[in-house]
Amino acid sequence: MGADREGGAGRRPMRAATYAACGAVLLAGCASMPDSGDLRGVDSTPRQDTQVRVFAMPPQDDAQPSDIVSGFLEALTSDDPNYSTARQYLTKTASQTWKPGLSSTVLADGPGIGPNRLGGREGADDLSFTLTGTRVANVDEQQAYSPADGPYDAPVHLTRDKKTKQWRIDRLPQGVVMGKSDFQRNYMSVNKYYFASNAAAGTTTQPAAVADPVYVRRRVDPMTQMVRSLLNGPTNWLDHVVRTSFPTGTALKNGVTTLAPDDQNKLTVPLNEKARRVGQGQCNEMAAQLLFTLQSLTPAVDQVELQSGNSRLCSLRETEAATARGSVQQPGYLYFIDNKNRLVRMGTGSSSPKAEPVDGAFGEGDKELRSVAVSHDEDKAAAVSGDGKELYVASLVSGDSLGTPVLTSRAKSEQDRLTAPSWDVHGDLWVADRAPDNPRLLLLEQGKGEPLAVKVPELDGRIRDVRVAADGVRIALVVAKGSKKSSLLIGRIERRQETAEGRPTVSVAGLHSATPELEDVTAMSWAGDSRLVVVGREQGGLQTMRYAQVDGSTPEGQAPAALSGIKEITAAESDRLPLVADSEDGIVRLPSGGQWQKVTDGAAPVYPG
């Protein structure tokens with residue numbers, strides 16, 4: 001269902017839509033409601049060609065109550081922009097109060113319809129049904145997706161008009177409800193972009209763009225939907241740690257109902273008066289947000305021009321916007337530990353399996369290493385010793401010594417000591433100490449000094465693995481609770497004002513599962529702006545590898561080719577670079593569209609980050 005900015009289902013070409021009346025294209029697979037006998041559920045519609053727009057049938061004269069309910073549910077899965085056909089199944093009052101955009105409830109299958117309950121006497125003019133099902137997810141008013149479970153149970157009440165004698169729905173739940181396959185056909189995930197507001201004092205001079213995935217209706221002018229969603233601001237979960245460059249109250253100019261690029265791939269966006277007085281720098285950031293957002297939807301836009309009133313505010317091309325995106329850096333090398341305990345590297349543009357030791361102490365092989373992390377600028381590295389006890393940081397410069405460890409775990413068991421480290425875009429280093437008597441998530445500013453204990457108030461369990469997103473705003477944690485299997489949680493990094501000692505207060509909040517369907521997560525890596533690659537096990541199943549969205553949804557497109565015996569996995573922000581894993585066969589990589597290939601012997605492969 002999801003889409004990521006780069007690759008896969010991300011930058012998909014614009015498709016010409018084929019319009020067809022419902023008489024030609026019906027929602028195949030939706031069960032009709034019988035006039036008598038037992039009631040059946042409305043099955044989820046099978047996946048259909050996404051180039052075809054589907055419209056529903058209006059209610060027929062003298063339709064039975066069961067037909068009204070089933071027809072209404074079918075109409076919810078159509079491509080009617082304003083649900084005008086669905087509203088024909090409602091009374092006038094119900095149509096005025098029903099808000100389909102308030103939420104979308106996704107069920108495992110299409111909603112079932114429980115037995116009817118008649119009014120107070122036979123032949124009464126009112127009737128009730130109950131919609132039932134098993135929840136899979138909810139999409140809220142901000143279009144933010146969140147996994148859900150448990151039963152769904154909602155009443156629908158119908159009444160018969162005294163004059164026309166036609167049955168209509170007069171009471172119903174707000175929002176829309178549909179089965180999972182209908183949701184996948186009707187909606188798609190697109191990233192909108194804001195800028196990190198929690199930046200620490202570090203090496204980054206450009207603002208980091210942060211992806212905020214939302215779900216929009218696939219064939220209902222998604223470009224205009226995404227512009228409106230971007231202008232409305234970030235979702236509640238991300239709002240704490242990002243900023244927008246659009247002034248408060250900025251919206252599309254009155255009367256603008258649809259947006260489309262011209263034949264030069266330029267999109268002109270007319271804004272209201274709130275944006276009229278912005279300066280050139282702020283306007284360029286506004287245009288960059290729009291470009292990043294729209295290019296996660298389609299490659300058909302490579303320039304954005306902003307207008308307010310009769311004035312042209314600014315214009316920005318794709319090549320210019322890229323310089324305003326501090327979180328995106330193409331790594332120069334892939335790094336791993338060779339059989340001589342040396343940190344070695346291979347050029348990301350090279351097809352040769354030959355690796356060379358890095359400059360500096362880590363390339364000398366004097367210390368047994370378990371795991372490594374290389375900073376985003378590839379100037380320094382951090383490594384955990386072979387017994388998991390000590391963390392070292394050193395520059396990748398010839399002649400630099402290893403020095404003393406910057407952190408030491410006091411846990412007795414090797415498995416309870418330090419996790420693999422992870423660098424954020426600010427140059428800060430993250431690691432977890434798994435000591436049973438004092439488990440901690442730690443931050444070393446610029447990779448040195450006294451470790452800062454990071455508060456994780458919602459954490460229920462011990463951290464087994466840590467990976468910080470390239471934007472420095474989000475963090476992925478593999479967490480184990482007691483003897484239970486490990487789960488993958490996503491949190492946001494919140495930095496507060498400095499303490500009296502001059503140090504910031506850092507916490508991780510908003511923890512939620514990114515893989516609710518996996519019983520045990522054994523390895524993971526960020527693999528895009530809002531996507532991770534995850535190795536784990538389904539309930540009672542074998543090891544599997546898949547992509548996961550940060551909101552807990554499953555991206556569109558194929559999962560990576562299967563591979564057994566995976567110990568670690570790494571991915572770059574761009575899918576132009578292959579996945580690389582530490583497997584039972586050594587270091588292996590997965591070229592785009594290919595199969596896993598052995599590269600060389602070694603362990604703990606990582607891209608910078």
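Okay, let's start with one residue, Asp221. At 27% relative accessibility, Asp221 counts as partly exposed, because the partly exposed class runs between the 20% and 50% cut-offs. One thing to keep in mind through this talk: what you see above is a predicted model.

So where is Asp221? You'll find Asp221 in the loop between strand S12, residues 209-217, and helix H5, residues 222-231. Now look at its backbone: Asp221 has a positive phi of about 45 degrees, although it is not a glycine.

There's another residue like that, Lys165. Its phi is near 65 degrees, again a positive value in a residue other than glycine. Lys165 also sits in a loop, this one between strand S8 (151-160) and strand S9 (167-171). Is Lys165 buried or exposed? Lys165 is exposed, with a relative accessible area of 51%. The cut-off for exposed is over 50%, so Lys165 at 51% falls in that class.

Let's go back to Asp221 and walk on into helix H5. How many of the ten residues of H5 are buried? Nine of the ten are, so H5 is largely enclosed by the rest of the structure. If you want to click through them, the buried ones are Pro222, Met223, Thr224, Gln225, Met226, Val227, Ser229, Leu230 and Leu231. And what covers them? The cover includes strand S11 (187-196), S12, strand S14 (266-271) and helix H7 (280-295). After H5 comes Gly233, with a positive phi near 100 degrees.

Since H7 is part of that cover, let's stop at one of its residues. Phe292 is in helix H7, and Phe292 is buried, with a relative accessible area of 4%. Now try this on the screen: find Phe292 and then Tyr194. They are 98 residues apart along the chain, and their C-alpha atoms are separated by 9.2 Å.

Okay, next stop, helix H1, which covers residues 65-76. I picked three residues here, and I'll take them in order.

Ser70 is in H1 and is buried, with a relative accessible area of 5%. What does the side chain of Ser70 reach? It reaches the backbone oxygen of Asp67, at 3.2 Å.

Then there's Gly71, also found in helix H1. At 6% relative accessibility, Gly71 counts as buried. Gly71 and Tyr89 are 18 residues apart in sequence, and 7.6 Å apart in space, C-alpha to C-alpha.

And then Phe72, which has its place in H1 too. Phe72 is buried, at a relative accessible area of 7%. Which residues does Phe72 touch, if we don't count those up to four places away in sequence? The list is Ala86, Tyr89, Leu90, Trp98, Ile169 and Leu172. You can also check Phe72 against Thr85: 13 residues apart in sequence, and 8.3 Å apart in space from C-alpha to C-alpha.

Now a pocket. I'm talking about the second largest pocket, which holds about 960 Å³ of space. The elements that give two or more residues to its lining are strands S20 (369-374), S28 (462-468), S32 (518-526), S35 (568-570) and S39 (603-606). Which of them gives the largest share? That's S32, with six residues. Altogether, 46 residues line this pocket, and those nearest its centre are Ala420, Asp465, Arg467, Glu568 and Ile569. By type, the lining divides into 22 nonpolar, 13 polar and eleven charged residues.

Last, let's zoom out to the whole chain. There are 609 residues, and buried residues make up 55% of them. The secondary structure comes to eight helices and 39 strands. For the outside, the chain exposes about 26500 Å², and carbon and sulfur atoms supply 45% of that.

One more number, about who touches whom. Take the contacts between residues at least 6 apart in sequence: 59% of those join residues at least 24 apart. When you rotate the model later, pick a residue such as Phe72 and look for its partners Ile169 and Leu172. That's it from me, thanks!

Technical notes:
Residues numbered from 1 in each chain as written. Predicted model: local features only at pLDDT ≥ 70, side-chain atom pairs only at ≥ 80, totals over all residues. Heavy atoms only, no water. Helix = DSSP H or I, 4+ residues; strand = E, 2+ residues; numbered from the N terminus. Buried < 20%, exposed > 50% of the residue type's maximum accessible area, 1.4 Å probe, protein only. Contact = heavy atoms within 4.5 Å. Areas by Shrake-Rupley, 256 points an atom, 1.4 Å probe, with all protein chains shown as cover. Polar contact = N/O pair within 3.5 Å; in protein donor to acceptor, adjacent residues only side chain to side chain. 1 Å grid on protein atoms, 1.4 Å probe; cavity = no way out; pocket = protein on both sides within 12 Å on 5 of 7 lines; lining within 4 Å. Points joined across faces, edges and corners; volume = space filled by probe spheres on them. Nonpolar A, V, L, I, M, F, W, Y, C, P; charged D, E, K, R; others polar.
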